[in-house]
Amino acid sequence: MTIAGLIFSNIHDNSIPEMTRRRTIGSIPYGCRYRLIDFALSNMVNSGITNVGIVTHYNYQSLLDHVGNGKDWDLARRSGGIKLLPPYVAAYENTAAGKLYENRLEALMGVGNFINRCGAEYLVLSDCDSILNIDLKKVVEDHVASGAYVTIVTKKLDKGSYRFEQPVSVLKTDENNRITDLADFCPEKGGVTISTNIMVISRADLQAVVADSLARGHKSFHKDILAKNLKKKVIRAYPFDGWYSVISSLDSYYQSSMELLKSDVRTDLFRHAERRIYTKVRNSAPTRYVAGAIVQNSLIADGCVIEGTVENCILFRGVRVGRGSVVKNCILLQDTYVGANVSLNCVITDKNVVIKDDRNLSGHESMPFFIDKNVTV
Amino acid sequence: MFKKKECVAMLLAGGQGSRLYALTQKTAKPSVSYGGKYRIIDFPLSNCVNSGIDTVGVLTQYQPLLLNDYIGNGLPWDLDRTFGGVKILPPYQGQSGADWYKGTANAIWQNMAFINRYDPDYVLVLSGDHIYKMDYAKMLAFHKQKGADCTIAVLNVSLEEASRFGIMSAHEDGTIYKFTEKPKNPDSTLASMGIYIFNREKLEKYLEADSRDPASANDFGKNVIPAMLAAKEKMVAYPFEGYWKDVGTIASLWEANMDLLAEKPELNLSDESWRIYSRHGGEAPQYLGKNAMVSNSSLTAGCGIYGIVRNSVLGPDVVVEEGALVEDSVLMDGVTVRAGATVRYSILDSRVEIGEGATVGTYRINASDVTVVGADVKVPAGEKVPVGAMLSEA
């Protein structure tokens with residue numbers, strides 16, 4: 001059984017516009033040292049999928065820089081490995097496929113070559129807005145054994161209230177995990193099952209989908225290919241029972257990041273002996289906690305120097321917190337510099353932000369205060 | 001395909017490091033951990049890459065398994081090259097017989113064919129025993145400018161220390177006129193750092209002569225350098241200033257780690273223009289728990305700290321449980337200190353586990369010994385490991 005992977009690095013870009021102005025959703029930094037695409041990529045590599053296409057759209061410079069030739073995921077291979085698939089705009093200007101793709105189906109049409117040539121029997125499609133550690137091999141095995149047309153990895157949301165700012169695919173299944181209903185909207189209450197947008201389909205079927213959609217002018221993978229075919233074809237759910245988080249807004253980015261401070265979440269996401277999450281190696285020095293530093297309940301990357309107080313925070317690589325500063329409930333991205341006697345609460349700083357001495361900034365848990373890349377406060 | 005390399009580096013990594021006792025029982029000295037996420041060999045390797053030297057032969061002999069594994073294809077140091085890159089050179093069997101490397105000079109002599117493949121003008125000889133950052137390109141420029149046959153990097157040491165080193169006497173212009181290994185009454189304080197640049201033909205000539213001398217110990221310091229001096233070859237001393245530490249003893253290894261905790265460490269590992277590269281295992285970020293107290297310490301990815309850590313250097317994946325205390329210590333990768341245990345003034349090697357309530361070492365008192373626990377040792381709950389003890393797996 002040969003499997004290839006296809007990662008859509010842009011599909012949810014408008015979920016979190018604050019952070020995707022200069023990057024794709026796939027290259028949003030997450031969890032001290034990762035980018036969102038690391039989870040999709042690592043899941044594939046750890047499941048033995050070493051032929052991976054990454055579909056890009058625009059703003060993909062930072063993604064290229066991060067992924068490189070795939071070395072850090074062990075995907076720098078002569079056969080297979082990582083293939084970056086930028087859009088085909090210039091080549092087909094003014095033709096049907098000439099526009100920059102607007103949806104998943106058009107994106108698939110644009111990468112027809114990869115699909116045709118990857119040689120795999122099955123393809124795993126994945127987006128970059130989901131954070132989870134999953135054995136995809138089991139999903140494919142389940143897909144093959146069941147004989148389904150498409151298998152979608154699903155997650156039942158816990159009870160409680162949710163504030164999705166982008167529609168997600170909410171679905172219902174029968175007792176055999178066959179999907180009976182599928183609709184895109186923003187669920188407000190928990191307890192519903194949603195699609196993680198990780199799907200398995202045979203290559204032959206995917207090729208047919210692409211050809212057919214081109215002929216019929218289909219626009220939506222979910223509506224035209226999945227939702228319309230629920231009765232005709234078996235579209236199956238693969239319920240995922242580990243920790244799962246989806247980024248649909250800055251607010252959910254904040255909540256999801258803070259979940260990492262829970263020990264069971266970290267165990268589930270990072271502590272699988274066979275399934276580590278890989279990322280680009282930066283070779284930072286170890287983190288130094290200077291005498292007088294107080295750091296509690298925080299997740300911290302290498303390369304930081306901490307002289308002040310840090311509580312309930314996520315600190316990325318190269319962050320500095322100066323003497324007398326108190327940083328609480330914050331997410332400070334790579335190389336954020338916090339001077340002396342600063343007070344920060346519920347703040348998200350993008351990369352290379354400088355907070356000068358004696359500043360006092362605060363957001364609220366329900367509305368974190370975001371400071372854009374390279375800004376000096 | 002075949003291109004010439006101006007300078008090829010030969011890294012002597014076969015040393016047993018016997019004065020590190022338990023820490024080098026299962027591995028060669030160059031693969032001993034340092035500073036949390038590094039191994040000693042990361043320093044010469046990173047220095048090479050940062051100096052633009054992309055062909056490095058690593059001579060291994062003693063317990064090479066871990067070292068081979070660590071270096072692999074050289075990817076972490078960007079030394080996975082199509083032509084050149086890092087190559088591991090163990091002793092091998094030739095047509096006329098097989099020999100272990102008999103000395104530092106003999107190790108290079110046996111690999112002359114490797115060096116000549118790259119047709120280099122210069123050969124840089126390094127050892128895998130020291131922690132330092134050095135631009136070998138500057139040393140090479142100095143070597144060329146002086147028109148030397150051999151350039152030896154030297155460090156100005158104190159007169160008391162001088163008798164531990166190979167000591168060089170040099171004229172104003174750097175020309176060496178005398179070299180003595182570990183002199184009782186040193187007449188100079190210029191110590192050899194074990195870093196040599198040779199003109200390739202000269203190196204080959206003297207190694208060849210050395211190989212035919214049955215009385216020779218086949219050692220650079222003892223035989224080759226004195227022979228070159230005696231023959232009046234042009235030998236110059238290249239003065240080095242900066243942090244340089246021989247971590248050949250337990251005490252010096254402990255000290256070198258503690259040096260990193262200084263307010264402004266002399267050895268700056270965060271310098272982006274001179275990164276020290278190392279191999280990583282994809283560890284998660286470090287987590288400090290709700291009651292954690294970490295101060296004046298250096299921590300690496302994967303650590304989980306729930307207790308107290310003071311004045312210590314921790315490697316990747318170290319766990320310090322609630323109520324445990326780690327002070328003045330060096331903990332290498334994967335060490336676990338269980339609840340209520342106390343570790344003071346100790347070095348704990350890879351994957352050591354200290355059981356609940358156990359005590360290892362004691363306060364650092366003048367001239368007392370560092371307590372050492374070797375790799376994979378499990379100290380049972382409640383046990384007391386006495387000060388200065390040296391535990392290792394049977």
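Which elements of chain B each supply at least two residues of the lining of the largest pocket?

## The largest pocket

Seven names answer that, given here with their residue ranges. They are α3, β10 (150-156), β12 (176-181), β13 (190-199), α7 (220-230), β15 (244-246) and α8 (250-259) of chain B. Among these contributors, β13(B) gives the most to the lining, with 4 residues.

The volume of this largest pocket is about 1600 Å³. Its lining comprises 47 residues. Nearest the centre lie B:Lys29, B:Asp129, B:His130, B:Lys182 and B:Asp246.

## Confidence

The model is predicted. Its scores are ipTM 0.89 and pTM 0.91. For chain B the average pLDDT is 93. In that chain, 99% of the residues score at least 70.

## A sheet with strands from both chains

An open sheet is built from 11 strands, and its pairing is mixed. The order runs β28(A)-β25(A)-β22(A)-β19(A)-β16(A)-β16(B)-β19(B)-β22(B)-β25(B)-β28(B)-β31(B). Chain A therefore meets chain B where β16(A) sits beside β16(B) in that order. At the edges stand β28 (369-371) of chain A and β31 (378-379) of chain B. Each has a single partner strand, so one side of each is left without a neighbour in the sheet.

One pairing can be followed in detail. Strand β16 (residues 286-288) of chain B pairs with strand β19 (residues 304-305) of chain B. The sense is parallel, over 2 bridges. B:Leu288 has B:Ile305 as its bridge partner in β19(B).

## B:Gln110 in helix α3

Helix α3 of chain B covers residues 104-110, and B:Gln110 belongs to this helix. The helix is also one of the contributors to the pocket lining. Is B:Gln110 buried or exposed? With a relative accessible area of 14%, B:Gln110 is buried, because the cut-off for that class is under 20%.

Beyond its neighbours within four places in sequence, B:Gln110 is in contact with B:Tyr92, B:Asp99, B:Trp100 and B:Tyr101. B:Trp100 also offers a polar approach: its backbone oxygen lies 3.4 Å from a polar atom of the B:Gln110 side chain.

## Helices α1 and α2 of chain A

A:Thr20 lies in helix α1 (residues 17-20) of chain A. A:Thr20 is buried, at a relative accessible area of 8%. Leaving out residues up to four places away in sequence, A:Thr20 touches A:Asp13, A:Ile25, A:Ile28 and A:Asn59.

How many residues of helix α2 (residues 36-46) of chain A are buried? The count is 11 of 11, and the helix is mostly covered. The buried set includes A:Leu36, A:Phe39, A:Leu41, A:Met44 and A:Val45. Polar side chains are listed too, among them A:Asp38, A:Ser42, A:Asn43 and A:Asn46. Just after this helix, A:Gly48 takes a positive phi of about 80°.

## A:Ile247 and its contacts

A:Ile247 sits in the loop between β13 (245-246) and α9 (250-259) of chain A. A:Ile247 is buried, with a relative accessible area of 1%.

Which residues does A:Ile247 touch, not counting residues up to four places away in sequence? They are A:Ser15, A:Ile16, A:Ile25, A:Tyr30, A:Leu36, A:Asp129, A:Ile131, A:Ser252, A:Tyr253 and A:Ser256. A:Ile25 is also touched by A:Thr20. A:Leu36 is one of the buried residues of α2(A). A:Gly112 is 135 residues from A:Ile247 in sequence, and the C-alpha to C-alpha separation is 28 Å.

Terms used. Residues numbered from 1 in each chain as written. Chains lettered and ligands numbered in written order. Heavy atoms only, no water. Buried < 20%, exposed > 50% of the residue type's maximum accessible area, 1.4 Å probe, protein only. Polar contact = N/O pair within 3.5 Å; in protein donor to acceptor, adjacent residues only side chain to side chain. Contact = heavy atoms within 4.5 Å. Pairing = 2+ DSSP bridges. pLDDT = per-residue confidence, 0-100. 1 Å grid on protein atoms, 1.4 Å probe; cavity = no way out; pocket = protein on both sides within 12 Å on 5 of 7 lines; lining within 4 Å. Points joined across faces, edges and corners; volume = space filled by probe spheres on them.
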